[in-house]
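Biologist: Please take a close look at a single loop position, and then set it beside the other loops, the strand pairings and the charged pairs, with the cut-offs behind each term.

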Amino acid sequence: MTPSTSPGSPSQSFSLTKNLEPAPVTATTQAVWSSGLEGTLRVRLAGQLHAELSVDHTRSQPLATVDAEIPHPFYFNQPRTLSGTTSLDRTDLMVHIAAMALLPFSPRVQATVFGGPTWFQVKPQVIKEIGITETYPYDTVSLSTVTRDRKTVSQWGYHAGADLSYFFSTYVGLQGMVRYSTANASLDNNGLRSDLKLGGLHAGVGLRVRY
């Protein structure tokens, strides 16, 4: 299992129509901790040079703060302020292709440094519509429902990192790893483009088998 930081779903800005006036809406998400699974295949090329293929899948549910200006049903140009929160599900698939240099400190302790390209496929939820609750005299309004939509974004980026392994037998040991991966992408949401930051800092421990 690999804990990681996730940049969250993209921040959004869009406008709805309420009471015959525009109602601007913004939704801001924050980075959250996520967990996932990773599989790795490593092969020796020559000497202490290796190649590695890693597939990493994570899921997170970042919290989004929703702010809006909702027009009044009786008065023009007198919007009411709305603020609420909702969660947005997000899944990340990352395929890392790395060149790796092995640093054998002893027969039991080995370290590596690595880096290379990463392919990202991210499926974040975005807000498509909001529902409101209001009662007479309609001077205040609150968030009642959120309609979500699932988007898919694919992009190439890069990564770099290091790991440390301790072998308690000839072939089996424990491994600790840190890796930073990143890419920039854009997301089309209701006709508006949103910047999307992919990747982040990943750290984990696992079983290491060598041959």
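Modeller: Tyr 171 sits in the loop between strand E11 (153–167) and E12, where strands (E, at least two residues) and helices (H or I, at least four) are DSSP runs numbered from the N terminus. This is a predicted model, in which local features need pLDDT of at least 70 and side-chain atom pairs count only at pLDDT 80 or more, while totals for chains, interfaces and linings use all residues. Residues are numbered from 1 along each chain as its sequence is written, and side-chain values use heavy atoms, with hydrogens and water left out.

With a relative accessible area of 49%, Tyr 171 is partly exposed, a class that lies between buried (under 20%) and exposed (over 50%), for a 1.4 Å probe and protein chains only. Although Tyr 171 and Arg 108 are 63 residues apart in sequence, their C-alpha atoms are 9.7 Å apart in space.

After this loop comes strand E12 (residues 172–189), which holds Ser 181. Ser 181 has a relative accessible area of 0% and is therefore buried. Leaving aside residues up to four places away in sequence, Ser 181 touches a set of residues that includes Met 94, His 96, Phe 120, Tyr 158, His 159 and His 202, a contact being heavy atoms within 4.5 Å.

Other loops have backbone features of their own. Asn 19, in the loop between E2 and strand E3 (21–29), has a positive phi of about 50° although it is not a glycine, and at 35% relative accessibility Asn 19 is partly exposed. Asn 77, in the loop between E6 and E7, likewise is not a glycine yet has a positive phi, of about 60°; with a relative accessible area of 67%, Asn 77 is exposed. In the loop between strand E9 (109–133) and strand E10 (142–150) lies Pro 137, which is joined to Tyr 136 by a cis peptide bond with omega of about 10°.

Several of these loops connect strands of an open sheet, whose 4 strands run in the order E2-E3-E6-E7 with antiparallel pairing; two strands pair if DSSP finds at least two bridges between them. Strand E2 (12–18) and strand E7 (80–87) are the edge strands, each pairing on one side only. From one strand to the next the twist averages 20°, with axes taken as lines fitted to C-alpha atoms (for helices over the stretch in contact) and angles running from 0 to 180 degrees between N-to-C directions. E7 and strand E6 (residues 63–70) pair in the antiparallel sense over 8 bridges, and Leu 63 stands opposite Ser 87 in E7.

The charged pairs bring in E7 again. The structure holds 9 salt bridges, each defined as a side-chain nitrogen of Lys or Arg within 4 Å of a carboxyl oxygen of Asp or Glu. In one of them the side chains of Arg 80 and Glu 134 meet at 2.5 Å, N to O; Arg 80 lies in strand E7 and Glu 134 in the loop between E9 and E10, so the pair ties together parts that are 54 residues apart in sequence. Arg 80 is buried at 4% relative accessibility, whereas Glu 134 is partly exposed at 28%. Asp 89 forms a salt bridge with Arg 59, the closest N and O atoms being 2.6 Å apart. This pair also links distant parts of the chain, with Asp 89 in the loop between E7 and strand E8 (90–104), and Arg 59 in strand E5, 30 residues apart. Asp 89 is buried, with a relative accessible area of 7%. In the salt bridge between Asp 92 and Arg 90 the closest N and O atoms are 2.8 Å apart; Asp 92 is buried at 5% relative accessibility and Arg 90 is buried at 0%. Arg 42, Glu 52 and Asp 163 are linked in a network of salt bridges.
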